[in-house]
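Colleague: I'm new to reading protein models, and I'd love to go through this one with you. Could we take it step by step?

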Amino acid sequence: MDRDATAIADVLPPVEWSVVQRTAGAGSALCAGAAVLGLLGVPELNTPRLFAVFFGGIAGGLAVSFRPELIRAWLLGAAVAFAGVFGTPAHWDSFRLLFAVLTGVALLRAALLALPAAYRTATVSVFLVVHFFGILLATTSPSPTPWMVDQLYRRAYEPYLQFIYLRNAYHFYSPEPGPASLLVCLLKTEDGEEVGADGIKRKKYRTEWLVTPRRPADVRDPLGVTYFRRLSITDQIARGYPDMMSSETFEKSEIRTRRMQLALPGSNPHIPMHTREPDYLEYRMPDVLAARYLLPSYAQHILMDLPEQDRGRTTIKIYRVEHRTLDVGSYIGISNYGRKPGDPYYPTTYYPYFLGEFGFVKDPLDAKKVRIELLDPQEPMLYWLIPIQERPGGIPGDPKKDYIDYLSVHAGREFDWSLLR
Amino acid sequence: MSMTPPNNRSFLQRWREFWFAPGDPTTLGFIRIATGLLVLYTHLAYSLDLQAFFGRFGWYGTEYIERERKEFPWFVPSFSNWDESDDAQVRVPDYPNRRAAVIQFIRNLPRGESERRRSVAFLGKAADEDNPYYSRLSLNLAYRLYGAGDLQRETILVQGLAAGKQWYMVESGGKVEYRLEKPEDQKHEAIFPDAMMATPPDVRAALADDLRAFVAVLPKDSTAAQYVIAHVVELDQAHRKSFVRFLNTLPSDEAERAKLIDYLEYWNNDERQMSRRGHPIVSVWFHVTDPRTMAAIHGAILVIIALFTIGFCTRVTSVLTWLAVLGYIHRTNQILFGMDTMMNILLIYLMIGNSGAALSVDRLIARYRAARASIRRCGAIDDRTRAFLADAPPTAGANFGIRLIQVHFCFIYMAAGLSKLKGAGWWNGTAFWDVMINPEFTLMKYPWFEEFVRAIANVKPLYHAITMFGVWFTWGLEISFPFLVWTRLRPIMVWMGVLLHAGIGILMGLNIFELLMMTMLLAYFPAGVIRDRLRGSGTPKIGYGFDPNNPEQARAAAAVAAVDVDGQVNFEGSQKPQPDVKSLFGSLRFLGAFRVLLWVPGVSGFLAKRLAPAAKA
């Protein structure tokens, strides 16, 4: 689109070609020099190579920007980028990819400029159609997706749209806005031993509740970007599916059995089913990717934030707490006991799902290594909703609380609900 | 960029005019400044969380993203084959305990290929069965025999299956017993499926061998063995075949085999079946994890974004800014929301459209160079140069960039609007209510807002009117916008869009996201509107005398011409006086914005030399 430069050349003198040549020459020399240094195979030279490639790339870019209407400028730019592919150290593989892409773009642009105007317009038009067709496919990619869309998207468009990050489907707040989720964690650190009333020595633990995100603590910038980024972190693990519609498979029947045993009167701990949620919706296994990679990573992040001496002896129980909005009747109080207006932050509006207890364990394949793992995959409450509910009868009997907090029962430590406000 | 091209034009003519006609770069320049400021802010905010978001042990740790970007499995089902069972992938259970058991079973299988094939031949036969029900029965049989213990299993296999005699399983006193005779008086179950017993003796004998070999490689721990068999039982026939194929084709090379099983354990896929692996993504944060180096790079990126915002070397800094922003995006997807998407879209199109052609340092430099060239040519600012200085010349690139933003915006609105129609809440109004009172997003933390909403909700018709209007307005605007924005209703549509985003910004606190959406809406503003708003009116005129033959004065005159963006200066001969630098800063509107610089010691003298050398003399 830089044919415009020629139109104003009589007013604005173009940059001398020799300047373009010299600049691109410097860029090429830097990138090629980096490539030559790479042949020596000395790891200490990687940093100088990176600097050379970075400044070489910029010089190449500047050279092109001086005379973008010239084919030869783009060819020089392509040469610099191509040298950059080899100049970049191998372990910076993503930048090798970048330089390869830049080479392709520069060559494509040079080829476009070489075409007669009509063909150039036609070619750019084809690019436009292809590009926006990709955007259209991205908008239709969430399920249910036509088979053809899926095929085209995966075969042709995915790498392109992924590289430039244009894969969003723009389905904002749809099909329904849905509640936000918070990450509530209980950190449990082994802290010596203590002798119980029965005279038996037991391990002693320090515990701490962490909530992410919190307002105003996590609103670190005036417009709250830091807060919303943390809200996205919790949103990532909210994707899951209620999967207890059928329990014909072996594992599911096991999961159900384990859970039901805790709901039986007299069990220890006794955690009944939620009274306001159907049983089959109470089990919500997170998206597989979230369960396998995100949760251990989140746990690692929190644990690595602890003092070094505590990391190995601390475990972390993670709960995703869904904060449901009140319907209008509950909000204004018309459907509440005593017609009392509902509090949008009342504990019963929170729906905690237990996502497991994580900690460092020895790597079974390499005894010298440790890794973060889900400690008990058969914990009876794993992925189950933990009820926070009104006391039976609905009439507040306890002067302190008029709800039963099974989150605290499950965690083994009283949860401070003010952390969620 | 006329909005209503003559009706007698062909589609191709209209297409060319729409995309390729030269356009005023002012709008794009203005969008660049707005976007640059928002990008700068967003990335300044990252400074507070650099380690938490992008560090080695950030929320999404380096080792996790490294594996993901290098190994993530991509599989494309067959394009032409109707039989989708061929696309079935090898699967291990998603439940961690079951997965561990199945993976251990795979790891423990014999290394030698023939021995391994022998061990899983029973599984292979079960997977090849035409009748899936029979397959399941066969596999359940394996588990029953496993539970029978070595000695009894051998007896059952030899005297039962091989000899063609049925055995029975009886539960008695909580224990399982196996009997050759049918216990008529007790609840019992035949061990061997009837279809199996109906096969010829040699087939049964072979089956007995297969069963024996399979049970021998099952885990010693009965729960683990149960998980392994349950997994194969619960797979459908196509996946069962795929599972057996994986076992049969494990490489004999130890390292290769371990790598393959590790990939299966981590990604639940056979890497040999993938059409591609990993993500084609770029980020400096994949490679840099040292906190100090990270801080230095982040600082450099902020400088690049600032340079892009002011439009310095825009063709280069726009690319660098986009790549830098992309680096943050690709490193940690988990912290992104709509804001990042919009930021990226704007940066891509601003980069393509050469957004530095107006309202930029680049433009100031171009103005200076044009004025210098004119003075060199004729000793004055000639008419052609005056026209160039008065307005940035239209460029095809500017129009192209604007069109890209406009069209992409229509896709965004259309997708956002249509997808809402899938939800009942966007029909009955509860979606609007849910958005309005969401405690994590809205102003609900303020008691006055809570009470305000309650006051509204207490009036039933008012509540219903607002929620109904809210949802109708939202999806009505989003769906109609892509059609009506190209008509004479454009101003109304654009302002309604601004209203929508301002409303969401205030209600939900997503300020930057909404500001970016409004920035995109700027693409629909005629350049003249922006130019006129930025241009000063009624600004005083001043005279500026200079000697074109004096290189110092010629350079100064060109510099003054460059910063005289409102055309306030009349350039005159050297016999006319030259205003001093304070007068220039006091009179020229553009320089007035930087008047504070004159307070810095030394700056006034420095600028006097370059802008008003004659006055100084």
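Modeller: Gladly! One term to begin with: a residue is called buried when its relative accessible area is under 20%, exposed when over 50%, and partly exposed in between. Keep in mind, too, that this is a predicted model.

Colleague: Thanks! Is A:C185 buried or exposed?

Modeller: Compare its value with the cut-off: buried means under 20%. A:C185 has a relative accessibility of 1%, so the label is buried.

Colleague: And B:C313, which cysteine has the closest sulfur to it, and why is there no bond?

Modeller: A disulfide needs two cysteine sulfur atoms within 2.5 Å. For B:C313 the distance to the closest cysteine sulfur is 18 Å, which is too far for a bond. That closest sulfur belongs to A:C31.

Colleague: How many disulfides are there over all chains, then?

Modeller: Counting over all chains, the number of disulfides is zero.

Colleague: Let's turn to the sheet in chain A. Which strands stand at its edges?

Modeller: The sheet is open and antiparallel, with five strands in the order β2-β1-β5-β6-β7 of chain A. An edge strand has a single partner, so one side is left without a neighbour in the sheet. In chain A, that describes β2 (201–212) and β7 (366–374).

Colleague: How many bridges pair β1 and β5 of chain A?

Modeller: Strand β1 of chain A covers residues 180–195, and β5 of chain A covers residues 314–323. Within this pairing, A:A180 stands opposite A:H323. The two strands run antiparallel, and their bridges number ten.

Colleague: How much area do chain A and chain B bury between them?

Modeller: The contact takes 117 residues from chain A and 128 residues from chain B. Of the area buried, 65% is on carbon and sulfur atoms. The area itself is about 11000 Å².

Colleague: Now charges: how far apart in sequence are the parts that B:R589 and B:D566 tie together?

Modeller: Side chains of opposite charge can pair when their charged atoms come close. B:R589 and B:D566 form a salt bridge at 2.7 Å, N to O. B:R589 lies in helix α30 of chain B and B:D566 in the loop between α28 and β7 of chain B, so the parts they tie together are apart in sequence by 23 residues.

Colleague: One last pair: what separates A:E254 and A:R258 along helix α9 of chain A?

Modeller: Their side chains meet in a salt bridge of 3.4 Å, N to O, and both residues are buried. They are four residues apart in helix α9 (residues 250–263) of chain A, so the separation is about one helical turn.

Note on methods. Residues are numbered from 1 along each chain as its sequence is written. Chains are lettered from A and ligands numbered from 1 in the order in which they are written. This is a predicted model: local features need pLDDT of at least 70, side-chain atom pairs count only at pLDDT 80 or more; totals for chains, interfaces and linings use all residues. Side-chain values use heavy atoms; hydrogens and water are left out. Buried means under 20% relative accessible area, exposed over 50%, partly exposed in between (1.4 Å probe, protein chains only). Two strands pair if DSSP finds at least two bridges between them. Contact means heavy atoms within 4.5 Å. Buried area is the accessible area (1.4 Å probe) that two parts lose on being put together, summed over both. A salt bridge is a side-chain nitrogen of Lys or Arg within 4 Å of a carboxyl oxygen of Asp or Glu.
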